[in-house]
Amino acid sequence: MGLAVITVVTRGFFLISERELSLPAWVQRGLRFAPLAALVAVVAPEVLMAQGALIDTWQDARLFGAAAGAAYYFWRRGILGTIVVGMAVMLPLRLGLGW
């Protein structure tokens, strides 16, 4: 019961107040980067690590797929194209060369 109460209070804290709570400008600026930081925290270990250790060779299809996807994103700014280009580079390297 205690954990349920704590969960409800912490998640509903901003809904309880009668007046709107404003965040300082520095917090609002920092929150703009939260989605990017979360994405990097998920993607970077998947690209740079294998079985809990840093990869020790450049012959890894994930590196080339990530580089191609990043290049496409900076060129066209499209999310779907980034995924397609990254996979189009990674899959032949992984399946064809066995990287």
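**Exercise 1. The aromatic cluster**

Task: Determine which residues are linked into a cluster by ring pairs, and classify the pair formed by tryptophan 58 and tryptophan 99.

Solution:
- Step 1. In this predicted model, ring pairs join Trp58, Phe64 and Trp99 into a cluster.
- Step 2. The count of aromatic pairs comes to five.
- Step 3. For tryptophan 58 and tryptophan 99, the ring centres are 6.0 Å apart and the planes stand at 80°, so this pair is edge-to-face. The cut-off that decides the class is an angle over 60 degrees.
- Step 4. The pair links distant parts of the chain, with its two members 41 residues apart. Tryptophan 58 belongs to the loop between β2 (53–54) and α5 (61–76), and tryptophan 99 to the segment after α6 (79–96).
- Step 5. Tryptophan 58 has a relative accessibility of 55% and counts as exposed, whereas tryptophan 99, at 26%, is partly exposed.

**Exercise 2. A second ring pair**

Task: State what class of pair the rings of tyrosine 73 and phenylalanine 74 form, and decide whether each residue is exposed or partly exposed.

Solution:
- Step 1. A pair of aromatic rings is described by how far apart the centres are and by the angle of the planes.
- Step 2. The centres of the rings of tyrosine 73 and phenylalanine 74 lie 5.9 Å apart, and their planes are at 70°, so the pair is edge-to-face.
- Step 3. The cut-off for an exposed residue is a relative accessible area over 50%. Phenylalanine 74 has 60% and is therefore exposed.
- Step 4. Tyrosine 73 has a relative accessible area of 29% and is partly exposed.

**Exercise 3. Fold pattern and overall dimensions**

Task: Give the order of helices and strands along the sequence, and explain why the chain is described as spread out or as compact.

Solution:
- Step 1. The chain contains six helices and two strands.
- Step 2. In sequence order these elements follow the pattern α-α-α-α-β-β-α-α.
- Step 3. The globule rule gives 13 Å for 99 residues, but the radius of gyration of the chain is 21 Å, well over that value, so the chain is more spread out than a compact globule.
- Step 4. The C-alpha trace spans about 60 × 35 × 20 Å along its principal axes.
- Step 5. Of the 99 residues, 13% are buried.
- Step 6. Of the contacts between residues at least 6 apart in sequence, 33% connect residues at least 24 apart.

**Exercise 4. Surface and charge**

Task: Report what share of the accessible surface belongs to carbon and sulfur atoms, and how the mean positions of the charges are placed.

Solution:
- Step 1. The accessible surface of the chain is about 8,300 Å².
- Step 2. Carbon and sulfur atoms account for 70% of that surface.
- Step 3. The chain has 8 positive and 5 negative charges, and their mean positions are 8 Å apart.

**Exercise 5. Positive phi angles**

Task: Locate glutamine 51 and arginine 77, and give the backbone angle phi of glutamine 51 and of arginine 77.

Solution:
- Step 1. Glutamine 51 sits in the loop between β1 (49–50) and β2.
- Step 2. Although glutamine 51 is not a glycine, its phi is positive, at about 55°. With 85% relative accessibility, glutamine 51 counts as exposed.
- Step 3. Arginine 77 is placed in the loop between α5 and α6.
- Step 4. Arginine 77 is likewise not a glycine, and its phi is positive, at about 60°. The relative accessible area of arginine 77 is 53%, and the residue is exposed.

**Exercise 6. Two exposed helix residues**

Task: Identify the helix that holds leucine 95 and the helix that holds tryptophan 26, then give a C-alpha separation for leucine 95 and for tryptophan 26.

Solution:
- Step 1. Leucine 95 is part of helix α6 and is exposed, with a relative accessible area of 69%.
- Step 2. Between the C-alpha atoms of leucine 95 and tyrosine 72, which are 23 residues apart along the chain, the separation is 22 Å.
- Step 3. Tryptophan 26 is in helix α3 (residues 25–31) and is exposed, at 60% relative accessible area.
- Step 4. Tryptophan 26 and leucine 3 are 23 residues apart along the chain, and their C-alpha atoms are separated by 31 Å.

Key. Residues numbered from 1 in each chain as written. Predicted model: local features only at pLDDT ≥ 70, side-chain atom pairs only at ≥ 80, totals over all residues. Heavy atoms only, no water. Helix = DSSP H or I, 4+ residues; strand = E, 2+ residues; numbered from the N terminus. Rg over C-alpha atoms; globule rule 2.2 N^0.38 Å. Buried < 20%, exposed > 50% of the residue type's maximum accessible area, 1.4 Å probe, protein only. Contact = heavy atoms within 4.5 Å. Areas by Shrake-Rupley, 256 points an atom, 1.4 Å probe, with all protein chains shown as cover. Lys, Arg positive; Asp, Glu negative; His and termini not counted. Charge placed at Lys NZ, Arg CZ, Asp CG, Glu CD. Phe/Tyr/Trp six-rings, centres within 6.5 Å; stacked < 30°, edge-to-face > 60°.
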